[in-house]
Amino acid sequence: MTRNKFIEKLKVIGPGAIITASFIGPGTVTTATRAGAGFGFALLWAVVFAIIATIVLQEMVARIGIVTGEGLGENIRDLFNNVILKFATVWLVMIAVVVGCAAYISGDLLGTSLGVSYLFGIPENFVAPIIGILILILGLSGGYKIIEKVMIALIVIMSITFITTMIVSASDLGAILKGAFIPGIPNGSILMIIALIGTTVVPYNFFIHASTVSEKWDSVDGLRESRMDTIITITVGGIITAAILITAGALIYGTEVTSVVELAAPLEPLMGDLAPLFISIGLFSAGFSSAIASPMGAAVTVSSFMRWKGGFDNKKYKTVFGLVIGLGIITSAIGFEPLEVLLFAQALNGLILPIIAILIMIIINKKNLMEKHVNPLWLNIIGWLVTAVVSFLGIYSLVDAISSLF
């Protein structure tokens, strides 16, 4: 009976798993590795904050999706009576999200291929397009249910690999707890803190979550299960990020690193020949999940704003998905990833993150829309605090990207 109850509880896992698998990508893995190598366990609190912020905002957009029966894009459109304001907001957010997804897809595919390249010595720009083609086939021939199952499987793999490496490498529990619960800002850590939070609170994930919850729950009776799904899966994502940071802090603190594969050599005395395998599998899983989410995020966002129904069954949805992953296949094959495009995408994301966070807070508190499912006072206080922090970080990121461009 106990086992059956446990299995029943696991059945609530779904849309939240897609969000978690989305933000645990090459960017998060690399950032967590560099944070641990550069600052030890001191920035663990930023991971804790990022997870709390993500849970708060993602729970709200999931609630919006279930209660209204529509995606975030539709609800943002319906907020505005002024035609010019509606047009400007819709197109600014939509273009920013799509450009961001298109700009980062090459990096996602190359990051995915890094694990295979490291293990077998095959060039990354040969592996990356093959992975891109597999994702294209998966997206065009499959659907939401298949994507959900793939993402859940990838989270399980990442959990096993990265948490195992943390357990065998970490020993100073006191320092880990201090880093997680006592905020500190070591010299030179501001940009790293922003990166840790910025790779977790991802704008297109809001659109994915609001749209996919209705695939699993078709009434407000699913709100409790949706909340459980969000809290459990995103917390697991936070544990994975923290595990990578802790492993790096324990093994390579004080060194300059560029990739998580640099953890393999220090792990070998502890794990032997399994060390490179674990790191490669973890990196591949992280990259593959993020590389699926990028074109899906673009397709969901455009579909939501344009009111295209049907998800993967809609040809227009598949066209956007195919165009983004197709761009990634080409650019990763030729190694084309210009810094200017990435900085432009960073600037756009920095601009729209505060806008979307504020719009979410406005929509979730509209009584004529959400009825009794509006935020209680305590959640509004937390929500606006989170919105203020991510808005500051978004503007800081915008300024940093613009200054780097010019």
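This report covers salt bridges, one helix pair, two loop residues and one buried threonine in a predicted model.

## Salt bridges within one helix

The count of salt bridges comes to six. One of them joins Glu-59 to Arg-63. Their closest N and O atoms are 2.8 Å apart. Both residues belong to helix α4, which spans residues 44–68. They sit four residues apart there, so about one helical turn separates them.

Glu-59 is buried, because its relative accessible area of 10% falls under 20%. Arg-63 also counts as buried, at 4% relative accessibility. The pairing extends to another residue. Salt bridges with shared partners join Glu-59, Arg-63 and Arg-227 into one network.

## Salt bridges across the chain

Asp-78 and Arg-307 form another salt bridge. Here the closest N and O atoms are 2.5 Å apart. The pair links distant parts of the chain, 229 residues apart. Asp-78 is in helix α5, residues 72–79. Arg-307 is in the loop between α14 and α15. Asp-78 is partly exposed, with a relative accessible area of 43%. Arg-307 is partly exposed too, at 33%.

The side chains of Glu-148 and Lys-216 also meet in a salt bridge, at 3.9 Å from N to O. That value counts because the cut-off is 4 Å. Glu-148 lies in helix α8, residues 144–169. Lys-216 lies in helix α11, residues 203–216. The bridge therefore ties together parts that are 68 residues apart in sequence. Burial is uneven across this pair: Glu-148 is buried, with a relative accessible area of 6%, whereas Lys-216 is partly exposed, at 24%.

## Positive phi in two loops

Arg-307 has a second feature besides its salt bridge. Its phi is positive, at about 60°, although the residue is not a glycine. The loop that holds Arg-307 runs between α14 (274–306) and α15 (315–334).

Glu-371 is another non-glycine residue with positive phi, near 55°. Its place is in the loop between α17 (367–370) and α18 (377–405). Glu-371 is exposed, with a relative accessible area of 57%.

## Packing of α6 on α15

Helix α6 covers residues 83–120. It packs with α15 at an angle of about 55°. The two axes are 8 Å apart. The angle makes α6 oblique to α15, because it lies between the roughly parallel range, under 35 degrees, and the roughly perpendicular range, 65 to 115. The crossing of α6 past α15 is right-handed.

From α6, the contact is made by Cys-101, Ala-102, Ile-105, Ser-106, Leu-109 and Leu-110. From α15 come Val-324, Ile-325, Leu-327, Gly-328, Ile-329, Thr-331 and Ser-332. By class, nine of these residues are nonpolar and four are polar. The contact has no charged residues.

## A buried threonine in α3

Thr-31 is placed in helix α3, residues 26–39. Thr-31 counts as buried, at 11% relative accessibility. What does Thr-31 contact, leaving aside its neighbours within four places in sequence? Its contacts are Met-192, Ala-195, Leu-196 and Thr-199.

Definitions and conventions: Residues are numbered from 1 along each chain as its sequence is written. This is a predicted model: local features need pLDDT of at least 70, side-chain atom pairs count only at pLDDT 80 or more; totals for chains, interfaces and linings use all residues. Side-chain values use heavy atoms; hydrogens and water are left out. Buried means under 20% relative accessible area, exposed over 50%, partly exposed in between (1.4 Å probe, protein chains only). Axes are lines fitted to C-alpha atoms, for helices over the stretch in contact, and angles run from 0 to 180 degrees between N-to-C directions. Angles under 35 degrees count as roughly parallel, over 145 as roughly antiparallel, 65 to 115 as roughly perpendicular and the rest as oblique. A crossing is left-handed if the near helix is turned anticlockwise from the far one by less than a right angle, and right-handed if clockwise. Contact means heavy atoms within 4.5 Å. Ala, Val, Leu, Ile, Met, Phe, Trp, Tyr, Cys and Pro count as nonpolar, Asp, Glu, Lys and Arg as charged, and the others, Gly among them, as polar.
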